[in-house]
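Colleague: Could you walk me through the sheets and the ligand site in this one? I'd like to ask as we go.

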Amino acid sequence: MTLEESLRAVVGDGHVLTDDDLKASYETDWTRRFHGSARAVVRPADTAQVAAVLRACADAGVAVTVQGGNTGLVGGGIPAGGEVLLSLSRLTTLEPVDALAAQVTVGAGVTLEALQNHARAAGLDFGVDLAARSQASIGGLVATNAGGIRVVRYGSTRAQVVGVEAVLADGTVLSRLDPPAKDNTGYDLTQLLCGSEGTLAVITKVRVRLVPPAGEAAVALVGVDGTAGALRLLADARARLTTLAAAELCYAEGVALVRSVGRLPAPLPEDFPAYVVIECTGRTDPTDELVEMLGECEAVGDAAVASDASGRAKLWAYRETHTEAISATGVPVKLDVCVPLDRLEALVDELPGVIAAVAPDARPILFGHLNEGNLHVNVLGAEAVAEKVTDEVLRLVAAHRGSISSEHGVGRAKTPWLTLSRSPEEIGAMRRVKAALDPAGLLNPGVLLPT
Ligand code: 2HG
Ligand code: ZN
């Protein structure tokens, strides 16, 4: 039997795609930066089928690329060439919300938006939110330890994960979906898989903790004099807002791009070098708390505040549509870095010079998650010198004691620079863990660890 015949026997004819046309959407990421041809796309329906697919691939010695919602930004879900692409899009089970524990178990292919809606229907919410919510899947969020706009309050995805069910490269199923609330019985395999980017096991189900619903909300879009002003505002927001739920940063260039692509009006009567979006949520209306803080913060140049849903969405659009507007303009060099907050201003000041030195016509657009010093560095017009730009920027970030990948992961895109963030000893230990769980190196080869 060929591998394709074995795979068809497991998942059915309709879910093994070998025609180029049918495979195409799985073989390219939506930003058009990563492409690779898969031997076949396989879409199992449940954990048992995932295990059987992995056993068949292991028997044939064929590598597997694991793909969730295909919203990743570092090529981690795109094949290098010749792998079987394992799509988890059919694993969409939504178990009933456990209201007593405030937890729920869902299939890896459930979108973030479907999980949020499911939690909300039960009077709760999920603690992670990000712009790609309608397509990003929970399996991918866990595998990449996704961050997003609620990290200020709830931490990143790993902080929400209670347990997982996952399949090793040889088809062994590890199921620890409902561990006792306190459990000190050895290695935390669940947390090991969070952020492992599909290199250690394929996550098929996830149990997550839920949080109280957002309730009442208020959003402010604040104009400030630049990075220094944004940081002064953040310090006041942290010290004074008991309801702080998000603090996001963007700059004049990004807001101008977002406005021209999305045909949006100016957010404030006057233009500012930088903008901070602050969201507060609480059981009672947080508008007064927010407005009072803004009124007393000397870093605030001007602010627009909205408490109704449509007004809030309008203000969020100036920050949330950055990725979309950049993609509509061209194929960017996309970096996702973070530095300690006391280095953020220096980094932002030095970046344009460092980029211009290797790409004089490039157009850097900076934005990100202010609370964590997490900056998304997108550079338009530098595709031809992408590697040089990446190298210069990531070296600068490392010199500021930062991370070369703050939330998007390492994927295929950042493996050559992993040594800037992790020591040889750490990378050696990671390789030993990988070899122990996937000795033949079949899961996501070329992702995360340099080959
Ligand atoms: C965001 O924060 C995402 O909006 C995407 O992490 C960032 O497109 C990017 O660079
Ligand atoms: Zn982000």
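Colleague: In what order do the strands of the open sheet with mixed pairing run?

Modeller: Keep in mind that this is a predicted model. The sheet has four strands and the pairing is mixed. β1 (16-17) and β3 (64-67) each have a single partner strand, so they stand at the edges, with one side of each left without a neighbour in the sheet. Reading across, the order is β1-β2-β4-β3.

Colleague: Which residue in β2 is the bridge partner of V16?

Modeller: V16 belongs to β1, which covers 16-17. β1 pairs with β2 (residues 40-42) in the antiparallel sense, over two bridges. Within β2, the partner of V16 is V42.

Colleague: At about what angle does α3 run to β4?

Modeller: Helix α3 takes in residues 47-60 and lies across β2, β3 and β4 (84-87). Its angle to β4 is about 170°.

Colleague: And the sheet with antiparallel pairing, which strands stand at its edges?

Modeller: That one is also open, with four strands in the order β5-β8-β6-β7. From one strand to the next, the twist averages 15°. Two strands have just a single partner each, so one side of each is left without a neighbour in the sheet: β5 (103-107) and β7 (173-176).

Colleague: Which residue in β8 does T105 stand opposite?

Modeller: Start from the strand pair: β5 runs antiparallel to β8 (residues 202-209), and five bridges link the two. T105 falls in β5, given its range of 103-107. Across from T105 in β8 sits R207.

Colleague: What is the angle between α3 and β6?

Modeller: α3 lies across β6 (161-167), β7 and β8. Relative to β6, α3 runs at about 45°.

Colleague: On to ligand 1: how much of it does the protein bury?

Modeller: Three side chains put an N or O atom close to a ligand oxygen: R319 at 2.8 Å, K334 at 2.6 Å and H369 at 3.0 Å. Taken alone, ligand 1 exposes 300 Å². Of that area, the protein buries 88%.

Colleague: Which elements give two or more residues to the shell around ligand 1?

Modeller: The residues surrounding the ligand include F367, H369, H376 and N378. F367 and H369 fall within 363-369, while H376 and N378 fall within 374-380. Those ranges belong to β14 and β15.

Colleague: How many residues of the shell are charged?

Modeller: R319, K334 and E407 are among the residues around ligand 1. By class, the shell has two nonpolar and five polar residues, and the charged ones number three.

Terms used
Residues are numbered from 1 along each chain as its sequence is written. Chains are lettered from A and ligands numbered from 1 in the order in which they are written. This is a predicted model: local features need pLDDT of at least 70, side-chain atom pairs count only at pLDDT 80 or more; totals for chains, interfaces and linings use all residues. Side-chain values use heavy atoms; hydrogens and water are left out. Two strands pair if DSSP finds at least two bridges between them. Contact means heavy atoms within 4.5 Å. Axes are lines fitted to C-alpha atoms, for helices over the stretch in contact, and angles run from 0 to 180 degrees between N-to-C directions. A residue is near a molecule or strand if one of its heavy atoms lies within 4 Å of it. A polar contact is a pair of N or O atoms within 3.5 Å; within protein, one must be able to donate a hydrogen and the other to accept it, and residues adjacent in sequence count only if both atoms are side-chain atoms. Accessible areas come from the Shrake-Rupley method with a 1.4 Å probe; for residues, only the protein chains shown count as cover. Ala, Val, Leu, Ile, Met, Phe, Trp, Tyr, Cys and Pro count as nonpolar, Asp, Glu, Lys and Arg as charged, and the others, Gly among them, as polar.
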